Each structure stands twice: as structure tokens, then as C-alpha cells.
Protein chains: 2
Amino acid sequence: MGKEEFVKEITNIEEDFAKWYTDVVRKAELADYTDTKGCIAIRPYGYAIWENIQNYADRKFKEVGVTNLYMPVLIPESLLQKEKDHVEGFAPEVAWVTIGGGEDLEERLCIRPTSETMMSTMYSKWVRSWRDLPILGNQWCNVLRWEKETRPFLRSREFLWQEGHTVHETAEEARERTLMMLDIYAEIIEDLLAIPVLKGRKTKKEQFAGAEETYTVESLMHDGRALQAGTSHYFGQNFTKPFEIKFQNREGKEEYAYQTSWGISTRLIGAVIMAHGDNRGLKLPPKVAPIQAVLIPIAMHKEGVLEKTTEIYNKLNKKFRMKFDDRDNCSPGFKFNDWEMRGVPVRIEIGPKDLEAGNAVLVRRDTGEKEIVSLDNLENRLEELMNDIQVAMYKECQKRREEKTTIAYTLEEIIKNLEENQGYVKTMWCGNVECENKIKEVTGAHSRCIPFSQEHLSDTCPVCGKKADTMVVWGRQY
Amino acid sequence: MGKEEFVKEITNIEEDFAKWYTDVVRKAELADYTDTKGCIAIRPYGYAIWENIQNYADRKFKEVGVTNLYMPVLIPESLLQKEKDHVEGFAPEVAWVTIGGGEDLEERLCIRPTSETMMSTMYSKWVRSWRDLPILGNQWCNVLRWEKETRPFLRSREFLWQEGHTVHETAEEARERTLMMLDIYAEIIEDLLAIPVLKGRKTKKEQFAGAEETYTVESLMHDGRALQAGTSHYFGQNFTKPFEIKFQNREGKEEYAYQTSWGISTRLIGAVIMAHGDNRGLKLPPKVAPIQAVLIPIAMHKEGVLEKTTEIYNKLNKKFRMKFDDRDNCSPGFKFNDWEMRGVPVRIEIGPKDLEAGNAVLVRRDTGEKEIVSLDNLENRLEELMNDIQVAMYKECQKRREEKTTIAYTLEEIIKNLEENQGYVKTMWCGNVECENKIKEVTGAHSRCIPFSQEHLSDTCPVCGKKADTMVVWGRQY
């Protein structure tokens with residue numbers, strides 16, 4: 001099996017982005033298809049990206065008082081049905097367990113597509129007084145949604161995520177929490193994954209089933225399609241009423257509480273691949289890369305090379321997530337391609353001549369730039385490079401996003417802009433769902449959000465021509 | 001709702017251990033029952049214990065080369081059936097998904113009871129050459145087994161665990177890995193959870209379905225019942241043959257690989273509760289306790305008390321997992337009981353007089369011992385106490401285990417010893433499953449294991465009287 005062909009086997013990114021994507025996912029050993037239709041196996045290299053996201057996010061969550069817990073994966077049908085919009089939104093895409101322990105169940109159980117119903121049921125038992133509030137629960141778990149079209153990480157029947165569910169004394173506090181968690185999502189995606197986000201509120205049409213308000217962080221991929229990277233929902237009392245999450249308030253009166261939920265998922269792995277990748281394969285930002293630098297000894301058989309490079313590796317490995325590639329069955333050239341394809345931010349080459357001169361060669365994955373560094377300065381320079389690459393990758397994404405963001409004043413312009421450029425299209429909007437539907441119908445683009453940063457582009461809606469106060473961003477999505 | 005009654009509401013541990021256990025689980029807010037029969041909600045305080053176990057174990061695993069990955073929760077029936085013993089062992093207790101996305105499925109899917117079949121299927125795709133080996137995969141996930149009798153943490157239909165699955169070039173390497181992971185389990189349970197383990201091999205009868213050899217770490221609970229705390233299995237080629245995990249060996253020949261699997265679960269939370277708890281409730285070893293010390297300001301309303309104690313808390317909180325209890329709706333006495341019930345290892349009381357004298361009062365949860373410490377020395381003394389308590393709790397468990405370990409030479413003695421003392425009963429054994437069955441039938445005790453530390457107690461099997469070379473430990477189990 002010729003690993004040598006790996007890099008060549010990746011489809012050109014400009015020719016067929018979808019195929020490029022699945023090629024990278026498989027060749028870089030991020031994930032693989034399984035015998036369970038629509039479900040993937042996340043391989044160690046892909047899972048390590050998820051672990052880095054988890055560690056970062058979990059620390060941020062805990063800093064703002066969130067505690068982890070765990071609820072059953074199976075939800076009785078009667079619970080799912082308690083909130084009308086919610087069941088309408090999710091019931092068509094759940095999987096049902098009908099047999100357990102060899103017997104038909106009296107009541108079928110769904111595998112959680114999300115856990116509002118289960119969380120709300122339990123919270124209603126745990127909340128009595130304002131002193132029990134807020135509850136700031138979160139779980140890291142698997143969920144299942146019976147998607148028809150699936151794609152690794154982006155839209156898989158089963159995926160991993162965190163779902164935070166909080167309950168509060170006041171609407172104001174719950175709203176604050178909704179936006180606080182959205183800000184943390186923005187930080188994760190921008191700081192850790194080096195992808196700029198567009199923050200805003202979803203239109204009513206694009207809201208979460210059962211939410212009063214849904215907020216989103218949207219990201220733009222290499223091909224100009226949009227990806228919803230994380231959402232945070234304000235429920236008001238939509239769930240606390242049917243699930244009876246009541247508490248005695250500070251005045252001694254019984255009151256329904258206010259609720260939020262928020263989630264990010266393994267879809268973010270897909271975002272990293274699609275936002276940064278290129279024709280050489282994966283390109284990972286140093287902060288989230290499972291391997292930050294690979295050290296490749298050159299002419300390994302020459303005396304002292306392996307010993308010296310191992311020593312250097314051991315030292316660097318204390319500070320960075322390192323890989324030492326001493327495979328003896330492939331050439332340095334193959335190794336260069338292989339680790340580039342796997343998106344490792346920096347390659348370090350050290351051979352006998354380098355050792356003699358007291359140098360190492362560093363090569364950046366993002367720009368391909370090569371530099372010679374003295375071994376004494378290797379650690380410091382590597383640290384600088386990690387920061388530089390992280391920043392440069394963010395800026396590159398930002399630049400692409402700017403290039404792919406256009407303004408449209410008419411429906412024709414929306415169509416034209418998307419055809420030419422994909423990307424985000426900004427327009428004014430009258431607020432009417434019929435105009436939103438019309439745009440989706442003729443362009444295939446969904447409203448991404450009503451951005452927090454509003455601009456006044458014109459006075460009228462591009463569809464109906466009526467008065468419009470709101471700017472919306474549109475885009476075709478994954 | 002009178003939280004004041006919490007401690008009083010716990011059943012006496014000597015009167016009804018099972019009820020004491022569920023009382024502690026619920027009053028200490030470790031877990032709660034849910035509307036999904038046989039499945040619990042793990043509450044934040046219980047989940048934090050699991051997170052501490054996970055962090056410790058995951059670090060140990062990674063030190064020995066293990067990488068995490070994630071496989072689908074749903075397994076097609078045809079995969080489950082590929083290994084005969086395995087399907088016989090697990091098929092009766094699985095839950096089946098028969099409907100997905102509103103349609104009847106062509107092939108039903110089970111929720112994983114364990115993932116040997118899925119892992120083996122994927123590994124067979126990933127392994128080609130000896131260079132691809134070993135594969136050292138592990139996943140932290142939920143599994144489901146349709147138990148008839150359930151008990152929180154100990155035997156829940158759904159539980160959380162890690163399942164490691166490794167594939168090797170040689171039988172020897174696989175066997176080494178099996179025991180290496182068992183050693184790590186022993187370390188987790190002894191060092192982190194302060195519970196001594198009995199290490200050994202399971203008899204054929206008690207082996208994992210499909211294993212060639214099963215190794216176990218067994219622990220003894222407060223009431224003298226045994227709990228299987230972790231198992232590690234050597235599969236030989238039992239799965240690699242039906243699942244075709246083949247590789248080209250160093251001689252260029254195709255060969256079936258050798259396999260292991262190993263797991264620990266949220267059952268360990270049950271072990272901590274039942275091994276250490278007492279009539280005051282939960283008693284947690286400092287290393288695994290979510291809250292290592294609680295600071296309770298006394299006479300909070302007095303000038304300077306809150307400010308000073310907050311300052312002390314903030315300092316300690318950098319080094320220990322601390323809780324500051326400044327609730328104004330309950331008395332110090334209530335707080336003392338409450339945190340004792342929740343098993344916090346050390347309580348720190350500081351009031352106006354203590355502040356004047358520059359002192360704090362420390363109270364150990366395990367012994368109830370009180371001491372006065374100067375504030376200057378508080379941090380150091382607290383650190384010492386954590387170590388002392390960890391060691392003392394281990395020793396107490398060890399002492400109880402010694403008291404509850406007996407030797408028996410006849411079937412009558414086995415019965416008598418178990419009746420009087422529960423605990424571990426050591427006997428010789430001829431190796432015949434009929435004698436093992438007999439002991440189980442008349443005593444209700446399972447063979448716990450054939451301990452690695454063998455003793456020669458006599459020459460004969462207590463059941464059949466024939467020649468016996470092997471010492472077995474028996475005990476009634478959870």
C-alpha cells in the first residue's frame with residue numbers, strides 16, 4: 001500500500017471542494033466511514049483535535065461557573081412531546097429504541113437529539129428556591145439525528161458535542177448568560193481555531209425548535225460556503241412552563257424560571273479543515289494542532305544524527321506537542337509531504353551538516369517559508385513561529401472572508417453575487433418571513449444571522465421593496 | 001424544604017447498607033433517578049468525581065502510548081454476531097434501535113454494550129503491515145446494558161466508561177499490555193481512590209464473553225461484599241480471526257494479530273462511596289474529592305470576618321479545590337453536618353476569636369479530629385493533612401479487608417464464613433467448573449479471582465476433595 005501516493009491522491013481544492021474535503025479527512029486519518037450508515041469513526045488524529053477543543057472550552061466554561069453533569073442518552077417519548085415546537089422540530093429525525101433486554105418496550109425511547117427535555121425534567125426536581133439558582137449544567141456527550149445526507153464531522157448522524165443548559169431567576173440573567181456563552185464560543189473559534197466569526201441573532205425561521213431567541217457564531221469556509229459554528233439559545237419560559245421548573249422567588253412567590261442552552265460540536269473539526277486547508281492537505285493552527293512540530297532527522301544512518309536529534313526532540317517535547325519521525329522505510333521527501341498533508345504547523349529538518357554548523361532548518365506549513373536557525377535559539381524561535389502562524393492563519397481567513405463578503409440591493413444581485421463569489425451577502429431586510437423564504441427559494445442561501453454589527457445599507461428590502469431597518473447576512477451553508 | 005434534616009435522613013449503615021447507599025447517593029447530590037427506567041442522572045458533584053478519575057486515568061494511559069478515538073454508538077446486528085461467545089454473552093442485554101428518521105430500519109442496530117465488534121471492524125481496515133502495529137486505541141463513552149436490577153453507579157443500564165482496545169504483532173506483547181493496563185487500574189484505585197485491590201485472573205466461568213483470559217482488580221466494600229473494579233482482557237486471536245485483522249509480519253507473511261481490551265467505569269464512583277462511607281455520609285479521599293476543604297466563616301456578621309476569610313479562601317483556592325460556605329440562611333452547625341455528609345476531607349472554621357489569635361480550626365472528616373493551626377502555617381498543614389488523610393483512608397480499608405478475609409477448607413466453612421463475615425474467602429480449588437458452580441449455588445458467592453499472590457492452603461478442593469493446586473478467592477458481589 002503506497003503511502004507515497006497519499007498527497008497525490010487528494011483532489012484539487014478548486015476543482016471539487018467536497019471531494020477534496022473527504023480526501024483530506026481520510027488521508028490525514030482524521031476519520032473513517034463505518035458499517036453504521038451515516039456514522040463515522042473519529043480516528044486518534046481527529047480525536048486529538050477534539051480533545052484540544054474540549055480542554056480549551058471546558059476551562060472557559062468552568063471559569064464562568066459551569067459544572068458538568070450527565071443525563072441519560074435515552075429519552076422517553078412522553079418527555080420529548082412536552083414542548084410543542086421542540087417535538088415538531090426533532091421527532092422526525094430521531095432514532096427509536098423499541099426493544100430492550102429481549103422485550104418490546106411499553107414506551108419507546110429516543111436516542112437524545114439534544115437534551116432540553118431531559119434536563120428540564122431533572123431541573124424541575126432540583127429547583128425549589130431562588131437559592132438553588134442559577135443552575136449552570138453542561139454535558140459532553142454524543143447525540144444522534146437521523147440526517148439523510150451525511151458528511152464526516154459536518155453532518156453525521158451521531159456526533160459529539162457539549163450541551164449547556166442553565167436556569168435562572170430572571171429573564172435578564174438568562175439573556176446575559178446566553179450572550180456570555182456566545183462570546184466564549186467566539187473566543188474558541190477565533191483564538192483557538194484561528195477562524196474569524198460573524199456574531200448575530202438568527203431570524204425566527206432559523207431559530208432552534210422551542211427557543212425564543214437563537215444567537216449564532218457563523219464562519220466562512222475556503223469555498224465561500226457558510227458554516228454555523230456554534231449557537232446559544234434563550235428559551236424564556238418556553239420549557240420551564242411545560243416542565244414546571246418553578247421556584248420560590250425572593251418575595252416568597254412561586255415563579256417559573258428562565259432558561260438557556262448552548263452547544264458546539266465535532267463539526268468544529270470540519271470547520272478547521274475547510275477554513276484552512278489547501279492543495280497540500282490539512283493545515284492546522286498551532287494552538288489546536290495535535291502535533292505542533294515534527295522533527296525529521298536527515299541522513300539518519302550517519303553517525304551521531306539519531307542521538308543528537310533525539311536529544312533535541314526530547315528537549316522540545318517538554319514545551320511543544322512534538323513528533324519525531326525516524327521511520328526507516330521512507331525518504332525525507334516523502335516525510336515532508338506526509339506531514340504537510342497532515343497539517344503539522346512546523347517541520348524541523350536536521351542532518352549531519354546542520355549539526356556540524358549547529359543549525360536546524362524550519363519550514364512553515366502555512367507559507368512554505370524556510371529558515372535556518374541556530375540550535376541554541378531553536379526553542380525560542382519555534383515559540384515565536386507558533387504565534388506567528390496562529391496569527392497569520394487567522395488573518396488569511398479574515399482576508400478571504402472580506403473578499404467573499406458583498407452587498408446586494410436587489411434579489412438579482414443576491415443571485416449574482418452568490419453565483420460569482422459564494423460567500424456572505426449583506427442586504428437589508430423588512431423582517432417578513434416571506435421575503436426570507438423567497439431568497440432561500442431562488443438562491444439556496446439561508447439567512448446566516450442578523451449581525452450584532454448593523455449597517456444601514458439602504459432603506460428597502462431587496463425582495464418586497466418595503467421599508468427595511470435590519471441588515472441580514474445570507475449565505476449557502478453546510 | 002428542610003435541608004437541616006439531610007443528615008438525619010440517612011439510614012444507619014449497619015442496619016441497611018443498601019438503603020444507606022442510595023440515601024447517600026441522593027442526599028449528597030451525586031446522582032438522581034430519571035424518567036428513563038434503570039438510568040440515572042449524574043449530578044455535578046458526582047460527575048466531578050468522575051472527571052477526577054478520568055483526568056488521572058487518561059494521563060496514565062497516554063504515558064503508555066494510548067490514544068483516544070471515537071466509534072459509533074450504534075452497532076449493526078450483523079457485526080455483533082461475528083464472534084460466537086461474544087454475541088451469546090451480550091445479545092440478551094442490548095437495546096435495539098428499529099426505527100430511524102421515521103422509517104423501519106432494514107437491519108436493526110444495537111446501542112453498544114461494549115465495542116469489540118466495531119473496533120475490530122475498523123482496525124481490520126487500518127492494519128496492513130507490522131509497521132501499523134501496535135494500535136493502542138481507547139474511547140471514553142457511554143454504553144448500555146439492559147440490566148433487570150439496577151442500582152446507581154453500580155449497575156445502571158447506561159453507564160460511562162473507557163474501553164481500551166489494542167492490537168499487537170505478538171501474543172507476548174498483547175499479554176504484556178493486558179497486565180500493564182491492569183497495573184494502571186490498580187494504581188488508580190489504590191492511589192487515587194484509596195481502596196486496596198486484589199489482583200488476579202478470572203476463572204473461565206467468570207471471563208468476559210469472547211476473551212481468552214480476563215484479569216481483574218477486585219475491591220471490598222464496607223459491608224464485606226466484593227466489587228469488580230476493573231478488568232483487562234487478553235483475546236488472543238478470538239476477534240482478529242472472525243474480523244480479519246491481518247497484517248504482513250516482519251518475514252513478509254500474512255498473520256492474524258493479537259488483541260486486548262480493558263475498561264473501568266462510573267461504577268468506581270459507587271466503589272468510593274461504599275468503601276469509605278460511614279454513618280455521617282460520604283467520605284472522600286482528598287485526591288479524588290471535588291472539594292478538598294471547605295472554609296466556614298463563623299459569626300460572619302462580625303466586622304472583618306467575611307473580608308479576612310475570603311482573603312484566606314482565595315489564597316488556599318490557588319492550591320486546593322476549595323469551597324467557601326458563606327450561606328446566610330443556615331447555622332454553622334448545619335454547615336458542619338452538611339459538608340461532612342458530602343464527604344469533604346477537611347473543614348476549616350474561622351471566626352472572630354480565631355482571627356484575633358491568628359488561628360484556624362481544622363477538622364478531619366475521616367477521624368473527626370480537631371486541631372488549631374496558626375494562619376501562617378495553614379497552607380502547609382492543609383497539604384500535610386491531605387496526604388495523611390489519603391494514607392489513613394487507604395489503611396482503614398486495608399484493615400477492614402484483612403478482618404474480612406478468611407480461609408476455608410470445606411464447603412461448610414465457606415458458607416459459615418460468608419454468613420458471619422461476608423468478605424473474601426480463600427480456598428484451594430481443583431479447577432473444575434462444577435465445584436465452582438456448587439460454591440455459587442450454595443453460598444451465592446462468585447469466584448472473585450485466582451490471585452497473582454498464590455498461597456498453598458492445603459492439598460484438596462473443599463468441594464470434591466480432589467487434588468487442588470490453585471487458590472481462589474470467593475465473595476458475594478455487587
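Let's start with Gln292(B) and its neighbours: leaving aside residues up to four places away in sequence, Gln292(B) touches Pro286(B), Phe320(B), Arg321(B), Val344(B), Pro345(B), Val346(B) and Met386(B). Keep in mind, please, that this is a predicted model. Gln292(B) sits in the loop between helix 7, residues 267-276, and strand 15 of chain B. Is Gln292(B) buried or exposed? With a relative accessible area of 11%, Gln292(B) is buried, because the cut-off is under 20%. There is a polar partner as well: a polar atom of the Gln292(B) side chain lies 3.0 Å from the backbone oxygen of Pro286(B).

Now over to chain A, and to the loop between helix 7 and strand 15 there, where we find Lys283(A). Lys283(A) has 4% relative accessibility, so this lysine counts as buried. Which residues does Lys283(A) touch, not counting those up to four places away in sequence? Among them are Asp278(A), Asp366(A) and Glu396(A), along with Arg365(A), His276(A) and Met393(A). Gly343(A) is on that list too.

That brings me to Gly343(B), over in chain B. Gly343(B) follows helix 9 and has a positive phi, near 80°. Helix 9 of chain B, residues 332-341, is mostly covered, with seven of its ten residues buried. Those buried residues are Phe334(B), Lys335(B), Phe336(B), Asp338(B), Trp339(B), Glu340(B) and Met341(B). And what do the buried residues of helix 9 pack against? In chain B, they pack against helix 1 (17-27), strand 15 (293-297), strand 16 (322-324) and strand 17 (346-350).

Next, the interface. In all, 57 residues of chain B are in contact with 57 residues of chain A. The two chains bury about 4,600 Å² between them, and 59% of that is on carbon and sulfur atoms. On the chain B side, Tyr70(B), Trp126(B) and Trp146(B) lose the most area to chain A, together 13% of what that side buries.

How many salt bridges does the rule find across the interface of chain B and chain A? The count is four. Here is a salt bridge you can look up: the side chains of Arg131(A) and Asp328(B) meet at 3.1 Å, N to O. For polar contacts between chain B and chain A, the count is 30 residue pairs, both residues at pLDDT 80 or more. Strand 5 of chain B, residues 95-100, gives the largest share of the side that touches chain A, namely six residues. By class, that side of chain B has 31 nonpolar, eleven polar and 15 charged residues.

Stay with strand 5 for a moment. Strand 5 of chain A and strand 5 of chain B run antiparallel and are joined by five bridges. In that pairing, Val97(A) stands opposite Val97(B).

Another residue to click on is Ile40(A), in strand 2 of chain A, residues 40-42. Ile40(A) is buried, at a relative accessible area of 10%. Its contacts include Pro152(A) and Phe153(A), and from the other chain Tyr70(B) and Pro72(B), again not counting residues up to four places away in sequence.

Phe153(A) deserves a look for its backbone. Phe153(A) is not a glycine, yet has a positive phi of about 70°. Phe153(A) lies in the loop between strand 7 and strand 8 (158-168) of chain A, and counts as buried at 3% relative accessibility. Ala194(A) also has a positive phi, near 60°, in a residue other than glycine. The place of Ala194(A) is the loop between helix 6 (171-192) and strand 9 of chain A, and at 0% relative accessibility Ala194(A) counts as buried.

From there we run into strand 9. In a regular strand, side chains alternate between the two faces of the sheet. In strand 9 of chain A, residues 198-201, Leu198(A) and Gly200(A) point to one face and are buried, while Lys199(A) and Arg201(A) point to the other and are not. Strand 9 runs antiparallel to strand 10 (residues 213-220) of chain A, joined by four bridges, with Glu218(A) as the bridge partner of Leu198(A). Strand 9 also pairs with strand 22 (residues 446-451) of chain A, in the antiparallel sense over two bridges; there, Arg201(A) has Ile450(A) as its bridge partner.

Last stop, the prolines. The peptide bond from Leu133(A) to Pro134(A) is cis, with omega near -5°. In chain B, a cis peptide bond joins Leu133(B) and Pro134(B), with omega about -5°.

Methods:
Residues numbered from 1 in each chain as written. Chains lettered and ligands numbered in written order. Heavy atoms only, no water. Contact = heavy atoms within 4.5 Å. Buried area = accessible area lost by both parts, 1.4 Å probe. Polar contact = N/O pair within 3.5 Å; in protein donor to acceptor, adjacent residues only side chain to side chain. Nonpolar A, V, L, I, M, F, W, Y, C, P; charged D, E, K, R; others polar. Pairing = 2+ DSSP bridges. Buried < 20%, exposed > 50% of the residue type's maximum accessible area, 1.4 Å probe, protein only.
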